[in-house]
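Trainee: I would like to learn how to read strand pairing and side-chain surroundings from a set of coordinates. Could we work through an example together?

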Amino acid sequence: GDVTVVIQNDSPESLSIVFSGPDIRVEELEACTDCESFTSDSPSGCPELGPIGTYKLKPGSYDVVVKASSDTSVTPFRGTWDLSDAEEYSSCFYLVTGP
């Protein structure tokens, strides 16, 4: 079986998403036209305004990198996701600008 990963982009930047594991994928997720960057404080939850990407992957451990496609000043998200067979995972990304 496959794993379903659902990612919502609640940032004003388009995102490049790289999955490195049993599958190797590079995906682009368009920017959220109604979203803004947050200053200093993260929102209490996902704003749920932006476009959603749904990706089918083989189960296993993935190194995941999510970066803003056009703004090189944004620090990319890097993490390891362990994805189990026949599960669905969801994540939301937004930008927080510090002082």
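Trainee: Which residue in β7 is the bridge partner of Ser61?

Mentor: Bear in mind that this is a predicted model. Reading a pairing starts from individual bridges, and here Ser61 has Asp82 of β7 as its bridge partner. Strand β6, residues 60–68, pairs with β7 in the antiparallel sense over seven bridges.

Trainee: In what order do the four strands of the open sheet lie?

Mentor: The order is β3-β2-β6-β7, with antiparallel pairing. Because β3 (24–29) and β7 (77–83) each have a single partner strand, they stand at the edges, and one side of each is left without a neighbour in the sheet. Neighbouring strands of this sheet are turned by 20° against each other on average, if direction is ignored.

Trainee: Turning to strand β1, is Gln8 buried or exposed?

Mentor: Burial is judged from relative accessibility, with under 20% counting as buried; Gln8, at 12%, therefore counts as buried. Gln8 lies in strand β1, which spans residues 3–9, and a polar atom of the Gln8 side chain is 2.9 Å from the backbone oxygen of Gly50. Beyond its neighbours within four places in sequence, Gln8 is in contact with residues including Leu29, Cys46, Pro51 and Phe93.

Trainee: With which side chain does the side chain of Thr4 make a polar contact?

Mentor: The partner is the side chain of Lys56, at 3.0 Å. Thr4 is also found in strand β1, and it counts as buried because its relative accessibility is 10%. Once neighbours within four places in sequence are left aside, the contacts of Thr4 include Thr54, Tyr55, Glu87 and Tyr89.

Definitions and conventions. Residues are numbered from 1 along each chain as its sequence is written. This is a predicted model: local features need pLDDT of at least 70, side-chain atom pairs count only at pLDDT 80 or more; totals for chains, interfaces and linings use all residues. Side-chain values use heavy atoms; hydrogens and water are left out. Helices (H or I, at least four residues) and strands (E, at least two) are DSSP runs, numbered from the N terminus. Buried means under 20% relative accessible area, exposed over 50%, partly exposed in between (1.4 Å probe, protein chains only). A polar contact is a pair of N or O atoms within 3.5 Å; within protein, one must be able to donate a hydrogen and the other to accept it, and residues adjacent in sequence count only if both atoms are side-chain atoms. Contact means heavy atoms within 4.5 Å. Two strands pair if DSSP finds at least two bridges between them. Axes are lines fitted to C-alpha atoms, for helices over the stretch in contact, and angles run from 0 to 180 degrees between N-to-C directions.
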